[in-house]
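Subject: Structure handover

Hi,

Here is the structure I said I'd pass on. Have a look at it first, and then read on for what I found.

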Amino acid sequence: MSERLRSVVERLDVRPDDRVLEIGCGHGVAATLVCEPLEGGHPIAVDSSAKMIQAAARRNAAHVEAGRAEFLVANLENLDLGDRRFDKIFAVRVGLFHREPERARGIVERWLAPGGAVFVFFDPPPGASQVIRHVPLRRVSIGEPRKREL
Ligand SMILES: C[S@@+](CC[C@H](N)C(=O)[O-])C[C@H]1O[C@@H](n2cnc3c(N)ncnc32)[C@H](O)[C@@H]1O
């Protein structure tokens with residue numbers, strides 16, 4: 001299991017009923033970790049590569065078969081999620097968020113539930129100084145975490 005992705009998912013602080021959307025899920029490793037704490041929540045993961053989605057769905061077959069997770073082949077730019085809304089939307093190392101961060105965030109913010117948040121993670125640049133070696137991923141969160149009743 002990737003420690004990098006485990007660290008990412010820990011930072012999401014997934015709650016049992018969270019609705020979670022992952023953009024660019026690759027092999028679906030983070031999606032596996034997101035599914036663990038979910039009870040009523042239902043994660044959706046998308047990737048533009050059919051090969052990646054096949055691998056991710058295979059990896060998470062038990063969750064898919066139980067109707068607890070969905071894996072969709074789609075480009076973020078063309079993704080149609082209808083009126084679905086999410087408490088947490090995240091992307092790890094997805095090019096559009098590097099190249100055109102404002103555009104990427106503009107797209108995903110449409111799908112945020114009230115109080116939801118977007119998390120974007122990047123790797124450190126090559127040759128990064130030792131200072132950030134222990135902080136390998138940077139998070140950008142938009143909006144306040146959903147308020148929950150105690
Ligand atoms: C570098 S990989 C990262 C995979 C995974 N998030 C990880 O960190 O291991 C980027 C993934 O994002 C997908 N991707 C890139 N641009 C995308 C877009 N515009 N819409 C959907 N998926 C995209 C790629 O197909 C690839 O699987």
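Which strand and which helix each supply at least two residues of the shell around the ligand? They are strand S2 (44–47) and helix H5 (95–99). Bear in mind throughout that this is a predicted model.

**The ligand shell**

There are 17 residues around the ligand, and the ones that come nearest are Gly 24, Gly 26, Ser 48, Leu 76 and Val 92. Sorted by class, the shell has eight nonpolar residues, six polar ones and three charged ones.

**How far to trust it**

The average pLDDT of the chain is 83, and 81% of the residues score at least 70. The part to watch is residues 128–150, where pLDDT stays under 50. The model does have 33 contacts beyond four places in sequence for that stretch. Still, where pLDDT is low, the predicted coordinates should not be read in detail.

**Overall layout**

The chain has six helices and six strands, and along the sequence they follow the pattern α-β-α-β-α-α-β-β-α-α-β-β. Of the 150 residues in the chain, 33% are buried. If you take the contacts with a separation of 6 or more, 62% of them are between residues 24 or more positions apart.

**The core**

The largest nonpolar core has 36 residues, and Ala 30, Ala 31 and Val 92 touch the most other members. Elements that give two or more residues to this core are H1, S1, helix H2 (29–35), S2, helix H3 (50–59), S4, helix H6 (101–109) and strand S5 (112–122). As background, nonpolar side chains tend to be buried together in soluble globular proteins.

Val 92 deserves a look, as it turns up both in this core and among the residues that come nearest the ligand. You'll find Val 92 in strand S4. Why does Val 92 count as buried? Because 23 other C-beta atoms lie within 10 Å of Val 92, and 20 or more is the cut-off for buried. Leaving out residues up to four places away in sequence, Val 92 touches Leu 5, Val 8, Gly 24, Ala 30 and Phe 121. Val 92 and Phe 119 are 27 residues apart in sequence, with 8.5 Å between them in space, C-alpha to C-alpha.

Ala 31 has its own set of contacts. Not counting neighbours within four places in sequence, they are Glu 22, Cys 25, Pro 43, Ala 45, Ala 56, Asn 60 and Ala 69.

**Two helices with a buried face**

In H1, the buried residues are Leu 5, Val 8, Val 9 and Leu 12. Down the axis of H1 they fall within an arc of 90°, so they line one face of the helix. The face turned away from that buried side carries the exposed residues Glu 3 and Glu 10. H2, S4 and S5 are included in what covers the buried residues of H1.

H3 can be read in a similar way. Its buried residues are Ile 53, Ala 56 and Ala 57. Seen down the axis of H3, they fall within an arc of 95°, so they line one face of the helix. Exposed Lys 51 and Arg 58 are on the face turned away from the buried side of H3. The buried residues of H3 pack against H2, S2, helix H4 (61–65) and strand S3 (70–73).

**Backbone points to check**

Most residues other than glycine have a negative phi. Which phi does Asp 13 have, positive or negative? Positive: phi of Asp 13 is near 50°. Asp 13 comes just after H1, in the loop between helix H1 (3–12) and strand S1 (20–23). Asp 13 is exposed, because 12 other C-beta atoms lie within 10 Å and the cut-off for exposed is 12 or fewer.

Arg 93 is not a glycine either, and its phi is positive at about 60°. Arg 93 lies in the loop between strand S4 (86–92) and H5. Arg 93 has 16 C-beta neighbours inside 10 Å, so it counts as partly exposed.

One last residue is Gly 115, in strand S5. Gly 115 counts as exposed, with 12 C-beta neighbours inside 10 Å. Gly 115 and Asp 87 are 28 residues apart in sequence and 7.2 Å apart in space, C-alpha to C-alpha.

Cheers

Conventions
Residues numbered from 1 in each chain as written. Predicted model: local features only at pLDDT ≥ 70, side-chain atom pairs only at ≥ 80, totals over all residues. Near = placed C-beta within 6 Å. Helix = DSSP H or I, 4+ residues; strand = E, 2+ residues; numbered from the N terminus. Nonpolar A, V, L, I, M, F, W, Y, C, P; charged D, E, K, R; others polar. Contact = placed C-beta atoms within 7 Å. Core = buried A, V, L, I, M, F, W, Y, C linked by C-beta atoms within 7 Å. pLDDT = per-residue confidence, 0-100. Arc of directions from axis to C-beta.
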